[in-house]
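This report is written for someone meeting the structure for the first time, and it moves from one charged pair to the helix and then to the buried residues around that helix.

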Amino acid sequence: IKTVSERQARGIQRALVWHTKRQYGYLPGIFQILLPDFSLARHVGAIYNKLHLGKRSQLSRVQREMLAVVVNGHVHGAP
């Protein structure tokens, strides 16, 4: 999987990294995976914000964490 790290980011990618770190306090791993493809990142980011971070999310905190664990397992992420 191609990723863009904070150090590799240039131009608009660097601006998005700065904005994301400022907003969340860190750079989520999924964001590093989505950075190379802005069209995909926009849509996935909207879903992520709605389901996981949204104040009006219909999922409970436990359900959001369960979803994160399942997705992480499917992409073979670290625990």
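## A salt bridge

In this predicted model, E6 and K21 form a salt bridge in which the closest N and O atoms are 2.9 Å apart. The pair links distant parts of the chain, since E6 belongs to the segment before α1 while K21 belongs to helix α1, and the two are 15 residues apart. The count of salt bridges comes to one.

Neither partner is described by the extremes of exposure: E6 has a relative accessibility of 39% and therefore counts as partly exposed, and K21, with a relative accessible area of 30%, is partly exposed as well.

## Helix α1 and its faces

Helix α1 takes in residues 12-24, and because each residue should add 1.5 Å, its 13 residues should span 18 Å, which agrees with the 18 Å that separate its end C-alpha atoms. In this helix the residues Q13, V17 and T20 are buried. Seen down the axis of α1, these buried residues fall within an arc of 70°, so they line one face of the helix. An α-helix has 3.6 residues a turn, so residues three or four places apart point the same way.

On the other side of α1, the residues I12, W18 and R22 are exposed. After the helix comes G25, whose phi is positive, near 90°.

## Two buried polar residues in the helix

T20 is found in helix α1, and because its relative accessible area is 5%, under the 20% cut-off, T20 counts as buried. A polar atom of the T20 side chain lies 2.8 Å from the backbone oxygen of L16. When residues up to four places away in sequence are not counted, T20 touches G25, Y26, L27, P28 and F31.

Q13 also lies in helix α1, and its relative accessibility of 17% is under the same 20% cut-off, so Q13 counts as buried too. The side chain of Q13 reaches the backbone oxygen of L35 at 3.4 Å. Leaving aside neighbours within four places in sequence, Q13 is in contact with V4, L35, P36 and F38.

## V4 and the nonpolar core

Which residues make up the largest nonpolar core? There are six of them, namely V4, A9, V17, L27, F31 and L35. In soluble globular proteins, nonpolar side chains tend to be buried together.

One member of this core, V4, is found in the segment before α1 and, at 6% relative accessibility, counts as buried. Apart from residues up to four places away in sequence, V4 touches A9, Q13, Q32, L35 and P36. The C-alpha atoms of V4 and G29 are separated by 9.7 Å, although these two residues are 25 residues apart along the chain. Another core member, A9, touches V4, R14 and V17, again not counting residues up to four places away in sequence.

## Drawing the picture together

Taken together, these contacts tie the buried side of the helix to the rest of the chain. Q13 is in contact with V4 and L35, both of which are listed in the largest nonpolar core, and T20 touches L27 and F31, which are listed in that core too. V17, which is one of the buried residues of α1, is itself a member of the core and is touched by A9.

Terms used: Residues are numbered from 1 along each chain as its sequence is written. This is a predicted model: local features need pLDDT of at least 70, side-chain atom pairs count only at pLDDT 80 or more; totals for chains, interfaces and linings use all residues. Side-chain values use heavy atoms; hydrogens and water are left out. A nonpolar core is a set of buried Ala, Val, Leu, Ile, Met, Phe, Trp, Tyr and Cys residues joined through side-chain atoms within 4.5 Å. Buried means under 20% relative accessible area, exposed over 50%, partly exposed in between (1.4 Å probe, protein chains only). Contact means heavy atoms within 4.5 Å. Helices (H or I, at least four residues) and strands (E, at least two) are DSSP runs, numbered from the N terminus. The expected span of a helix is 1.5 Å times one less than its number of residues. The arc is that of the directions from the helix axis to the C-beta atoms. A polar contact is a pair of N or O atoms within 3.5 Å; within protein, one must be able to donate a hydrogen and the other to accept it, and residues adjacent in sequence count only if both atoms are side-chain atoms. A salt bridge is a side-chain nitrogen of Lys or Arg within 4 Å of a carboxyl oxygen of Asp or Glu.
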